[in-house]
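Me: Could you walk me through this fold, one question at a time? I would like the reasoning along with each result.

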Amino acid sequence: MEKFVCCVCGYVYDPKCGDPEHGVEPQTPFAQLPDDWKCPKCDAPKSKFKPQKMKCGANSFDGTK
């Protein structure tokens with residue numbers, strides 16, 4: 001499962017670990033997180049997360065704009 005990074009603070013959501021402190025079980029893919037889930041570190045919404053292999057602000061997975 002793919003990891004996602006918060007473009008605000010750099011927190012990495014790892015689906016293998018989930019986010020148990022906020023009711024998200026391990027093995028929960030990012031796409032299945034509740035719509036109101038927020039970054040546990042900075043409170044940013046899901047829309048501020050990008051796949052870890054994609055640079056924040058980039059339009060493609062190779063990091064080009």
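The questions and answers below go through the sheet, the cysteines, the aromatic rings and one lysine.

Me: Happy to start with the basics: what kind of model is this, and in what order do the strands of the sheet run?

Reply: This is a predicted model. The sheet is open, has three strands and pairs in the antiparallel sense. β2 and β3 are at its edges with a single partner strand each, so one side of each lacks a neighbour in the sheet. Reading across, the order is β2-β1-β3.

Me: Which residue of β2 is the bridge partner of V5?

Reply: Strand β1 covers residues 4-6, and its antiparallel pairing with β2 rests on two bridges. The bridge partner of V5 in β2 is V12.

Me: Now the cysteines: which residues does the disulfide join, and how many residues apart in sequence are the parts tied together?

Reply: There is one disulfide in the structure, and it joins C7 to C56 with an S to S distance of 1.9 Å. C7 sits in the loop between β1 and β2, while C56 belongs to the segment after β3, so the parts that the pair ties together are 49 residues apart in sequence.

Me: What is the handedness of the disulfide between C7 and C56, and how accessible are its two ends?

Reply: C7 has 31% relative accessibility, so this end counts as partly exposed. C56 is at 37% and therefore also partly exposed. The torsion about the S-S bond is about -85°, so the disulfide is left-handed.

Me: Why is C6 not bonded to C42?

Reply: C6 counts as buried because its relative accessibility is 2%. A disulfide needs the two sulfur atoms within 2.5 Å. The closest cysteine sulfur to that of C6 is in C42, and this is too far for a bond, at 3.7 Å.

Me: On to the aromatic rings: what is the geometry of the pair F30 and W37?

Reply: The count of aromatic pairs comes to seven. For F30 and W37, the ring centres are 6.2 Å apart and the planes stand at 85°. F30 is buried at 10% relative accessible area, and W37 is buried at 5%. Planes over 60 degrees apart count as edge-to-face, so the pair F30 and W37 is edge-to-face.

Me: How do the rings of F30 and F49 pair, and which residues form the aromatic cluster?

Reply: The centres of these two rings are 5.5 Å apart with the planes at 40°, so the pair is tilted. F30 is in the loop between β2 and β3 and F49 in strand β3, so the pair links parts 19 residues apart in sequence. Both F30 and F49 are buried. The cluster is formed by F4, Y11, Y13, F30, W37 and F49.

Me: Is D14 buried or exposed, and how far apart are the C-alpha atoms of D14 and P26?

Reply: D14 is in the loop between β2 and β3. Its relative accessible area is 16%, so D14 is buried. P26 is twelve residues from D14 along the chain, and their C-alpha atoms are separated by 8.6 Å.

Me: Last one: what is the nearest side chain of opposite charge to K46, and how far away is it?

Reply: K46 lies in the loop between β2 (12-13) and β3 (49-51). Leaving aside residues up to four places away in sequence, K46 touches F30, A31, L33, P34, D35 and W37. A salt bridge needs a distance within 4 Å, and the buried K46 has none. The nearest side chain of opposite charge is D35, at 4.3 Å.

Definitions and conventions. Residues numbered from 1 in each chain as written. Predicted model: local features only at pLDDT ≥ 70, side-chain atom pairs only at ≥ 80, totals over all residues. Heavy atoms only, no water. Helix = DSSP H or I, 4+ residues; strand = E, 2+ residues; numbered from the N terminus. Buried < 20%, exposed > 50% of the residue type's maximum accessible area, 1.4 Å probe, protein only. Lys, Arg positive; Asp, Glu negative; His and termini not counted. Contact = heavy atoms within 4.5 Å. Pairing = 2+ DSSP bridges. Phe/Tyr/Trp six-rings, centres within 6.5 Å; stacked < 30°, edge-to-face > 60°.
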